[in-house]
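Trainee: Before I use any of these labels, I want to know what each of them rests on. Please take me through them one at a time.

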Amino acid sequence: MRPFDYVRAETTSDALRADGRIIAGGTNLLDLMKLEVETPERLIDVTRLDLREIEAQENSLRIGALVPNSDLAADERVRRDYPVLSRALLAGASGQLRNKATTGGNLMQRTRCPYFYDTAQPCNKREPGTGCQAREGFNRILAILGTSDKCIATHPSDMAVAMRVLDARIEIESPSGETRLLTLDEFYLLPGDTPERETVLEPGELITAVHLPEPPKGRQAYRKVRDRASYAFALVSVGAAVNVEGGKITDAALAFGGLGPRPWRDAGVEEVLIGETPSAAVFDKAADVLLRDARGFGANDFKIPLTRRVLKAVLSELTGVAQ
């Protein structure tokens with residue numbers, strides 16, 4: 001690890017004025033620094049900021065950026081009204097890491113692509129213009145949707161998948177005093193020709209909270225397929241909220257992990273479902289829409305049929321239709 005300066009911010013204004021890399025729990029950043037994948041010259045510690053509350057606001061929740069993942073998963077309101085979020089958090093990492101990892105930090109964690117972590121290998125995300133070794137290398141855990149010629153990395157967060165299901169908005173403060181509220185779709189960028197830029201967050205800006213709107217109607221589920229039972233990133237995960245009334249699907253929201261460079265949501269999948277009587281045939285049509293542009297790169301080809309099976313299993317669970 002290279003030497004760096006350390007500054008502890010006492011207020012949000014201090015953090016916004018400081019010039020450096022934000023650190024809270026450090027569960028991802030410190031690993032990257034040890035490997036010299038990231039080499040910030042200054043760290044801004046924000047752990048003393050007043051951003052640890054989960055506040056009820058009418059029919060919504062405001063989650064401070066420093067709320068630990070373990071506290072968020074255990075919150076009674078989250079477990080009751082947003083169970084997809086609680087289940088996604090509990091499916092991610094170990095208990096010790098959840099105690100340290102924060103809501104804001106979880107949103108900002110970086111890919112676990114092995115070529116990104118290995119500084120001896122070319123990686124456009126780590127060093128733009130050097131190439132993407134993963135496309136023809138070991139890509140078992142990598143993306144099948146939203147990729148580009150420059151990068152096929154996946155976003156690793158379980159929490160962010162559930163946040164996409166719930167139409168969460170990220171609260172961002174800038175040094176100018178402006179506060180922005182962005183959807184996750186607006187916040188995360190696809191790799192395109194600039195895979196090194198993963199979000200729209202500008203230098204000096206700070207995630208201060210996440211806003212959850214009114215809970216969705218119907219039942220919620222989060223299912224994660226991985227190589228081992230705990231402490232492993234998703235090969236495929238599905239978060240969903242589905243409501244059935246009068247034998248028809250009236251509301252549906254689905255998001256996917258392990259498939260793309262950001263938590264993946266495709267409105268076309270939901271359009272296929274809404275208004276239909278739940279059935280295996282309808283679920284297959286939804287999978288067809290989701291996977292119409294899917295592309296494997298050899299070792300991750302299995303994700304395409306696996307995604308179909310997991311999606312159908314989740315929809316069967318939430319609608320009561322036997323597969």
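Mentor: The protein has 13 helices and eleven strands; both are DSSP runs, numbered from the N terminus, with H or I over at least four residues for a helix and E over at least two for a strand.

Trainee: What makes the protein as compact as a globular protein of that length?

Mentor: The radius of gyration, taken over C-alpha atoms, is set against the globule rule, 2.2 Å times the number of residues to the power 0.38. The protein comes to 20 Å, and the rule gives 20 Å for 323 residues, so the protein is as compact as a globular protein of that length. Its C-alpha trace spans about 60 × 50 × 35 Å along the principal axes.

Trainee: What kind of model is this, and how are residues numbered?

Mentor: It is a predicted model, in which local features need pLDDT of at least 70 and side-chain atom pairs count only at pLDDT 80 or more, while totals for chains, interfaces and linings use all residues. Residues are numbered from 1 along each chain as its sequence is written, and side-chain values use heavy atoms, with hydrogens and water left out.

Trainee: Why is Val 165 called buried?

Mentor: Buried means under 20% relative accessible area, exposed means over 50%, and partly exposed lies in between, with a 1.4 Å probe and protein chains only. Val 165 has a relative accessible area of 2%, so it is buried. By this cut-off, 52% of the 323 residues of the protein count as buried.

Trainee: Which residues is Val 165 in contact with?

Mentor: Contact means heavy atoms within 4.5 Å. Leaving aside neighbours within four places in sequence, Val 165, in helix H9 (residues 159-165), is in contact with Gly 239, Ala 240, Ala 241, Ala 253, Leu 254, Ala 255 and Arg 265. Gly 239 is 74 residues from Val 165 in sequence, yet the two are 6.4 Å apart C-alpha to C-alpha. Across the protein, 63% of the contacts between residues at least 6 apart in sequence join residues at least 24 apart.

Trainee: Why does Ser 70 count as buried?

Mentor: Ser 70 has 18% relative accessibility, which is under the cut-off, so it counts as buried. Ser 70 lies in helix H3 (residues 69-74) and touches Arg 98 and Asn 99, not counting residues up to four places away in sequence.

Trainee: Why is Asp 251 called partly exposed?

Mentor: Its relative accessibility is 30%, which falls between the two cut-offs, so Asp 251 counts as partly exposed. Asp 251 is in strand S11 and touches Lys 217, Ala 241, Val 242, Asn 243 and Ile 274, again without residues up to four places away in sequence. The C-alpha atoms of Asp 251 and Glu 271 are separated by 9.4 Å, with their positions 20 residues apart along the chain.

Trainee: What makes Glu 58 exposed?

Mentor: At 83% relative accessibility, Glu 58 is over the upper cut-off and therefore counts as exposed. Glu 58 sits in the loop between strand S4 (54-57) and strand S5 (60-64).

Trainee: What is phi at Glu 58?

Mentor: Phi there is positive, about 55°, although Glu 58 is not a glycine. Most residues other than glycine have a negative phi. Ala 93 also has a positive phi, near 60°; Ala 93 is in the loop between helix H5 (83-91) and helix H6 (95-100). At 30% relative accessibility, Ala 93 counts as partly exposed.

Trainee: How do you know that H5 is mostly covered?

Mentor: Seven of the nine residues of H5 are buried, including Val 84, Leu 85 and Leu 89.

Trainee: How do you know that the span of H13 is close to what is expected?

Mentor: The expected span is 1.5 Å times one less than the number of residues. Helix H13 (residues 303-319) has 17 residues and reaches 24 Å from its first C-alpha to its last, close to the 24 Å expected. Gly 320, just after H13, takes a positive phi of about 80°.

Trainee: What covers the buried residues of H13?

Mentor: The cover includes strand S9 (219-225), strand S10 (236-245), strand S11 (248-257), helix H11 (267-273) and helix H12 (280-290). H13 is mostly covered, with twelve of its 17 residues buried; among them are Leu 306, Val 310, Leu 311 and Leu 318.
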